[in-house]
Amino acid sequence: MKLCFVLLTESSYIGAYTLFIPSNEAVSRLPSNLVDHWRENNPDFTLALLNHVIQDIISLDQLKQGGRLTSRANSATIFVNNYNNEAVTVNGHRIVHGDVTAPKGGLIHVIDGTLCPVADQDIISTLRTCNKYDGFLTLADVTKLLDTMQDDGPYTVFLPSNDALTKIPNDELSVLKENVTLLREFLEYHIVQGAYFEWRSERRPIPDHSASEAAHQSGCARGRML
């Protein structure tokens, strides 16, 4: 696979390294407009590739411990989760083959997604530039809730759409708007501290020697909902 070759070329000179290489199927799912953008903008493509590279040897057993890793893409954070010892995911993408030996002492883990694009906005900036969730933002601005989220992170937001908010009875919505404390409590039910990903039960079964099941995350533009 061409992407695999490019990743190996980018990482082979840095000494000890770990690669998270997307499967062929994962690459085929990339949006065509994103692929076109990478073809026209090599720096962005390089940054996306480097987000799959860790400058250290990280085995599958170590990944099963969960936690955070730092990629070579501007020191971006990569989140590793272990779901009941049944699934090990990297930014929500499951590892389908682990501990594959790479050239010059490196290690490869094949994942069922791509770790890109690299988030270039925090969650607050992402929400504001999406232009999709002004209903939630209007309520949140009243309570100053989003301002508190600029501190300790990451956060996962279960974000109600504008359409979902319109289904709240008018009398109940009026009560929320008139009581800032109650409104804040209502909004806080939608926010969890930590990085959590959607469980995708439709994923096909995989061999016993691999991690199983996975998740994916969605965001707006290049920002992550984290």
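The exercises below go through the sheet, the cores, the salt bridges and a surface patch of one predicted model.

Residues are numbered from 1 along each chain as its sequence is written. In this predicted model, local features need pLDDT of at least 70 and side-chain atom pairs count only at pLDDT 80 or more, while totals for chains, interfaces and linings use all residues; side-chain values use heavy atoms, with hydrogens and water left out.

**Exercise 1. The sheet**

Task: Find the order of the strands in the open sheet, and state which strands are at the edges.

Solution:
- Strands are DSSP runs (E, at least two residues) and helices are runs of H or I with at least four residues, numbered from the N terminus. Two strands pair if DSSP finds at least two bridges between them.
- The open sheet has 7 strands in the order β2-β1-β7-β6-β5-β4-β3, with mixed pairing.
- β2 (53–54) and β3 (67–70) are the edge strands, each pairing on one side only.

**Exercise 2. Strand β7**

Task: Describe how β7 pairs with β1 and with β6, and decide whether its faces are covered or open.

Solution:
- β1 (residues 18–22) runs parallel to β7, and 5 bridges join them. Phe 20 has His 109 as its bridge partner in β7.
- β6 (residues 93–101) pairs with β7 in the antiparallel sense over 4 bridges. Ile 95 stands opposite Ile 111, and Thr 101 stands opposite Leu 107.
- The hairpin of β6 and β7 has 5 residues between the strands, and Lys 104 there takes a positive phi near 55°.
- Buried means under 20% relative accessible area, exposed over 50%, and partly exposed in between (1.4 Å probe, protein chains only). In β7 (residues 107–111), 5 of the 5 residues are buried.
- Both faces are covered: Leu 107, His 109 and Ile 111 lie on one side, and Ile 108 and Val 110 on the other.

**Exercise 3. The cores**

Task: Name the residues with the most contacts inside the largest nonpolar core, and list the elements that give two or more residues to this core.

Solution:
- A nonpolar core is a set of buried Ala, Val, Leu, Ile, Met, Phe, Trp, Tyr and Cys residues joined through side-chain atoms within 4.5 Å.
- The largest has 21 residues, and Ile 123, Leu 146, Met 149 and Leu 187 have the most contacts inside it.
- The elements are α6 (123–130), α7 (134–143), α8 (145–148), β8 (155–157), α10 (170–178) and α11 (180–188).
- Apart from this core lies another, of 13 residues, which includes Phe 20 and Leu 69.

**Exercise 4. Salt bridges**

Task: Decide whether the residues in the pairs Asp 112 with Arg 94 and Arg 29 with Glu 25 are buried or partly exposed.

Solution:
- A salt bridge is a side-chain nitrogen of Lys or Arg within 4 Å of a carboxyl oxygen of Asp or Glu. The whole structure has 7.
- Asp 112 and Arg 94 meet at 3.1 Å, N to O. Asp 112 lies in the loop between β7 and α6 and Arg 94 in β6, so the pair ties together parts 18 residues apart in sequence. Both are buried.
- Between Arg 29 and Glu 25, the closest N and O atoms are 3.5 Å apart. Arg 29 counts as partly exposed because its relative accessibility is 37%, and Glu 25 counts as partly exposed at 37%.

**Exercise 5. A surface patch**

Task: Which residues form a nonpolar patch on the surface, and where does Tyr 196 lie?

Solution:
- Patches are made of residues with over 30% relative accessible area and no salt bridge; like charges are joined within 9 Å, and nonpolar side chains (Val, Leu, Ile, Met, Phe, Trp, Tyr) within 5 Å.
- Phe 158, Val 192 and Tyr 196 form the patch, with about 300 Å² of accessible area together (Shrake-Rupley method, 1.4 Å probe; for residues, only the protein chains shown count as cover).
- Tyr 196 lies in the loop between β9 (191–193) and β10 (198–199). Tyr 196 counts as partly exposed because its relative accessibility is 47%.
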